[in-house]
Amino acid sequence: MRTHVPTHTRLLPLSTVRNLGILAHVDAGKTTVTERFLFLTGAIHRLGEVHDGTTVTDFDPQERDRGITISAAAVSCDWDGHRINLIDTPGHVDFADEVERALRVLDGAVAVFDAVAGVEPQSESVWRQADRYGVPRIAFVNKLDRMGADLDTAVASIRARLGTVPLVVQLPVGRESGFTAVVDLVRMRLLTWDGDGTYAEGPVPEGLLTQARQRRAVLDEAVAGLHARALEEYVHDSALSDATLAAALRAITLDADSGGVVVLCGSAYRNRGIEPLLDAVTAYLPSPLDVPPVPGRAAADPAEPFAALVFKVAATATGRLTYLRVYAGTMRKGDLVLDTGAGRTERIGRIVRVQADRHAEAELAVAGDIVAVAGVKAARSGATLCAPGAPLLLEPPSVPDPVVSVAVEAVRGTDTGRLAGALARLTEEDPSLRARTDPETGQTLLSGMGELHLEVAVEKLRSTHTLDVRVGRPRVSYRETVVRGVSDLVYRHVKQDGGAGQFAHIVLEVLPYDEGHFAFTSTVAGGRVPREFVRAVEAGCRDALAEGPLGGHPVTGVRVVLTDGATHTKDSSDLAFRTAGRLALREALRAGTMVLLEPVAEVTVTVPDDAVGSVLGDLAARRGRVTDSAVRGATAVVTATVPLAELFGYASRLRGRSQGRGTFTTRPTGYAPVPAGVPEAPTAR
């Protein structure tokens with residue numbers, strides 16, 4: 001077993017640093033894996049458990065009460081001469097933005113899967129998020145000690161649902177509660193854990209050799225199909241050496257487009273399989289040196305001008321903490337840095353290395369580090385901080401549009417100002433939350449990614465900010481789109497009220513656009529509309545998308561073509577053409593055919609088979625469309641697409657229909673037309 005060598009107080013070669021996240025569906029065991037990492041590396045000396053609310057990374061009171069991870073938590077540990085900076089991410093779909101921001105700054109990830117359930121909806125969602133950022137991953141099939149656990153079935157679901165080639169590097173020994181060991185197929189060694197989790201290594205027993213060699217042959221063949229150098233050796237020798245196999249597995253992992261993923265297995269709760277998983281993290285996942293450099297900087301070089309990306313802002317008892325991933329250069333206490341997007345300089349007051357809710361002071365941070373800083377007053381998530389003399393702008397993580405809103409108001413009128421300040425701090429910490437005032441009703445609306453997301457936010461208002469608030473019924477965010485557009489719409493904007501006037505003449509074609517939110521092109525020839533006025537028309541059209549003609553909802557799925565126009569030598573201006581673009585598109589939307597869109601979600605319901613009929617009836621009443629069903633022993637799994645507005649209150653209804661034995665998960669899948677006759681914003685049932 002590896003010995004713990006403290007490294008957090010000294011600088012390490014960047015090749016020995018691993019910045020990784022733990023990704024999974026809720027309840028797959030992410031936080032338990034993280035806790036075992038910390039314990040086995042000596043970072044903590046007492047194991048905590050999720051069900052007891054005693055884990056290091058779930059330190060928020062709501063996380064401990066609910067038994068789930070709500071916000072990404074950063075910790076560090078040391079293993080075999082490597083520093084592992086680790087972020088434990090949420091598994092619930094409502095907190096997917098926390099995962100998005102973490103993935104933007106991570107170099108690698110461990111995807112955790114349940115050995116009974118295999119790939120679950122949110123497992124697939126976070127996998128796709130990692131695909132977008134090209135994050136190298138290894139997979140850990142957890143909970144092999146559970147009844148019904150089967151590695152081969154879980155691996156088959158990885159292949160089928162994620163479209164990747166599983167490279168299984170271990171053979172489990174024993175099934176369910178009898179699972180006590182694995183065969184390491186790369187080194188052909190037996191790794192055994194006794195009842196208290198003590199780890200031992202030895203030769204593969206004679207009775208397992210034949211099966212282990214067969215599994216190794218399958219692994220060799222799969223790796224040869226994904227790696228050119230390994231293929232040469234495989235063709236020549238019909239097998240791969242241990243060294244070639246290990247090198248090929250690392251190369252395949254580092255290439256996010258390779259199409260393969262290394263798969264390990266174990267039971268984190270029983271302390272089985274964690275040591276080889278740590279070894280795999282250091283052996284296969286990238287260091288900061290393996291990651292492409294940011295534009296204008298050498299790869300992770302501490303001598304380069306400073307560049308970092310803000311990925312999280314948190315309010316603590318001692319003040320505001322800003323979490324950074326340093327991509328280049330060196331940052332010291334007292335340094336002046338530039339917030340490129342805001343054009344504002346900030347002073348670094350303190351640098352801390354974060355261990356969940358505990359902080360250790362540091363004098364500096366270098367390329368490859370993930371740290372938090374105090375003293376930065378205004379930088380938000382996604383901001384680039386860099387050396388003032390060498391400005392650059394890093395791509396921020398994308399922020400999803402909220403899909404559910406509730407009205408919130410202070411019970412006491414004197415707390416209205418405090419509520420506004422608290423909402424501003426909440427939205428600063430969590431960019432996927434939005435707060436705004438409804439111009440028609442004057443209500444304050446808080447919008448987020450789901451019911452649970454908003455419940456957590458409201459509870460923070462009450463507990464952290466000590467506000468007594470009322471909360472209205474949840475409402476979903478509708479959209480409007482074009483199903484039949486208009487051609488040759490002529491709009492002439494003329495305004496003359498003394499002095500210089502406004503003149504803009506444009507001709508638009510407005511079409512449905514299935515490939516995205518909005519597209520604008522110009523086919524005007526001969527300079528009839530100068531380029532700067534074309535840009536102004538596009539800006540005006542974007543302004544018009546804020547409110548559609550059906551109900552004032554945002555408009556999406558529209559393509560606008562500027563086909564002709566005319567100018568006036570004195571009265572034409574950017575303002576005139578922007579106004580013309582806005583008013584012309586509004587007129588075109590009223591003239592075309594529009595439909596209302598509502599957010600829909602994929603719902604996966606797991607219930608005893610004797611409750612399936614009742615569940616199917618309830619889904620049908622909620623306008624659900626069943627897309628798949630399967631039976632696993634005495635349990636049925638039903639997948640359906642359901643309008644999000646119909647899911648309010650579904651948890652309590654499902655508990656009642658299944659005598660408390662049913663569970664469900666949701667995953668947003670986009671928007672769909674609202675059927676004729678269905679009222680907007682149906683009330684919760």
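Q: Two strands pair if DSSP finds at least two bridges between them; which residue of E11 stands opposite Ile 138?
A: The model is predicted, with pLDDT of at least 70 required for local features and 80 or more for side-chain atom pairs, while totals for chains, interfaces and linings use all residues. Residues are numbered from 1 along each chain as its sequence is written, and side-chain values use heavy atoms, without hydrogens and water. Strand E5 (residues 137-142) and strand E11 (residues 260-265) run parallel and are joined by four bridges. Opposite Ile 138, in E11, stands Val 262.

Q: Which strands are at the edges of the open sheet?
A: Strands (E, at least two residues) and helices (H or I, at least four) are DSSP runs numbered from the N terminus. Seven strands form the open sheet, with mixed pairing, in the order E2-E3-E1-E4-E5-E11-E6. The strands that pair on one side only are E2 (73-79) and E6 (165-168).

Q: What angle does the direction of helix H1 make with that of E2?
A: H1 (residues 30-40) packs on the sheet and touches E1, E2, E3, E4 and E5, contact meaning heavy atoms within 4.5 Å. Axes are lines fitted to C-alpha atoms, for helices over the stretch in contact, and angles run from 0 to 180 degrees between N-to-C directions. For H1 and E2 the angle is about 40°.

Q: Is Thr 41 buried or exposed?
A: Thr 41 lies in the loop between H1 and helix H2 (61-66). A polar atom of its side chain lies 3.2 Å from the backbone oxygen of Leu 38. Buried means under 20% relative accessible area and exposed over 50%, with partly exposed in between (1.4 Å probe, protein chains only). Because its relative accessibility is 0%, Thr 41 counts as buried.

Q: What is the phi of Asn 271?
A: Most residues other than glycine have a negative phi. Lys 143, in the loop between E5 and helix H5 (151-162), has a positive phi near 65°. Asn 271 lies in the loop between E11 and helix H9 (274-284), and its phi, also positive, is near 60°.

Q: Which helix gives the largest share of the largest nonpolar core?
A: A nonpolar core is a set of buried Ala, Val, Leu, Ile, Met, Phe, Trp, Tyr and Cys residues joined through side-chain atoms within 4.5 Å. Of the 48 residues in the largest one, Phe 37, Val 110, Ile 138, Val 223 and Leu 249 touch the most other members. Beyond four places in sequence, the contacts of Val 223 include Leu 167, Leu 240 and Leu 249. The largest share of this core, six residues, comes from H9.

Definitions and conventions. Pairing = 2+ DSSP bridges. Polar contact = N/O pair within 3.5 Å; in protein donor to acceptor, adjacent residues only side chain to side chain.
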